[in-house]
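Visitor: Hi! Could you walk me through this one?
Guide: Sure, here it is.

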Amino acid sequence: MTSTLEPTQTPARPGTAADLLRREDALGAHNYKPLNVVIQRAQGSWVWDTDGRRYLDCLSAYSAVNQGHCHPRIIGALTEQAQQVTLTSRAFRNDRLAAFYETVTRLLNFEAVIPMNTGAEAVETAIKLARKWAYEVKGVAPHQAEIIVMDGNFHGRTTTLVSFSSEGQYKDAFGPLTPGFVRVPYGDAAAIEAAITPNTAAVLYEPIQGEAGVIVPPEGFLTALRGVCDRHGALMIADEIQTGLGRTGQWLAGDHEPARPDVVILGKALGGGVYPVSAVLASRAVMDLFQPGDHGSTFGGNPLAAAVAQASLEVLEDENLPARAAELGEYLRDRLRAINSPRVKEVRGRGLLIGVELHEPARLYCEALRDLGVLCKETHETTMRLAPPLVTSREDLDWALERIEQVLTA
Ligand SMILES: *Cc1c(COP(=O)(O)O)cnc(C)c1O
């Protein structure tokens, strides 16, 4: 199939893909380098472009669409709530928050929750909570709290979060950077223990590093990290924004080991792919460090978000999507490993969060797959991330696998 979707100098007919992307690029910031496919509608695991071509979505908006696109139950909750009340601010209460709190704390087994909107905001929230814990519980001197973070981390794009990125492009032009973070190699509990000081408030980590290229830490890392945090009195904070809510075959990617973190950060699929909802979960005692006025968000915990998040969680539970991700993920990984291609260096991941690392840049392969009707995206240059919605059928995975094999062995 020849691609009609590359930018062109010649004027395109209004409303065509070429016209839309030219107009978008003329006025918008160029802070992304998207694959040129202009999506017009979506259902389940499939999306359709402006020319009516269909594609299997193997990215799921970086795991924000675990439940599949436009899930009828989530859209139902959205539209029903949209006609009742959408925003009260937290100056008043709303009748949807209690049920959302009950559902999210029951399913993730935590005592307390604070709702936010984007993932980055929820990470910022967890950092504020950890710092307050350091000063009020651990007795760290004012402004001295340190948080240990990992090489290759991705926690979002705010000025504080990029301050401790190991990616030069994310931070070098955006200083002055926020102090108070110490970075160590990922997956190395001994390095974390060596970096701990009396001022350490917390260790912030991703149980699998998605943006870094689907990096799975060594077996036992989380258990060892739990031990380190217990020995030295530091909060263990899991960023499960991309890995949580079923993606890796468990409710949380950290559930693959018995160790439990003190604080868990959720986002992405919490909004079912229809609305931004994030949250931080903690014990009652830790959450109670936040007093009225310490933190907040105009849209955080709004009734529309609460209704959408509750439905999004109920879909994951009622459709047994974590177990489905485990089963389909194993199948997909096995089939990918069986592809005989000298271009493939490694296939890794858990559940339906899979990285196919190539010996060469992955972009061309993602573009070739797009032309064959499979949407995925390179991460860190040489890795193709495959993360289809958890509702994807085995037949649809087989359909994608045929095309992936075709592209990798061409
Ligand atoms: C996407 C992501 C974030 C940031 O979430 P936004 O909603 O884009 O702010 C933070 N941490 C991880 C692990 C993520 O994958």
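Visitor: How far is a nitrogen atom of the ligand from a polar backbone atom of phenylalanine 154?
Guide: That distance is 3.4 Å, which fits a polar contact (a pair of N or O atoms within 3.5 Å; within protein, one must be able to donate a hydrogen and the other to accept it, and residues adjacent in sequence count only if both atoms are side-chain atoms). This is a predicted model, where local features need pLDDT of at least 70, side-chain atom pairs count only at pLDDT 80 or more, and totals for chains, interfaces and linings use all residues. Residues are numbered from 1 along each chain as its sequence is written, and side-chain values use heavy atoms, with hydrogens and water left out.

Visitor: And what lies 2.6 Å from an oxygen atom of the ligand?
Guide: A polar side-chain atom of lysine 268 does. For glycine 119, a backbone N or O atom is 2.8 Å from a ligand oxygen.

Visitor: Changing topic, where is glutamate 211 found?
Guide: Look in the loop between β7 (200-205) and α9 (221-232). Helices (H or I, at least four residues) and strands (E, at least two) are DSSP runs, numbered from the N terminus.

Visitor: Is glutamate 211 buried or exposed?
Guide: Buried, because its relative accessibility is 16%; buried means under 20% relative accessible area, exposed over 50%, partly exposed in between (1.4 Å probe, protein chains only).

Visitor: Which side chain does the side chain of glutamate 211 make a polar contact with?
Guide: The side chain of arginine 385, at 2.7 Å.
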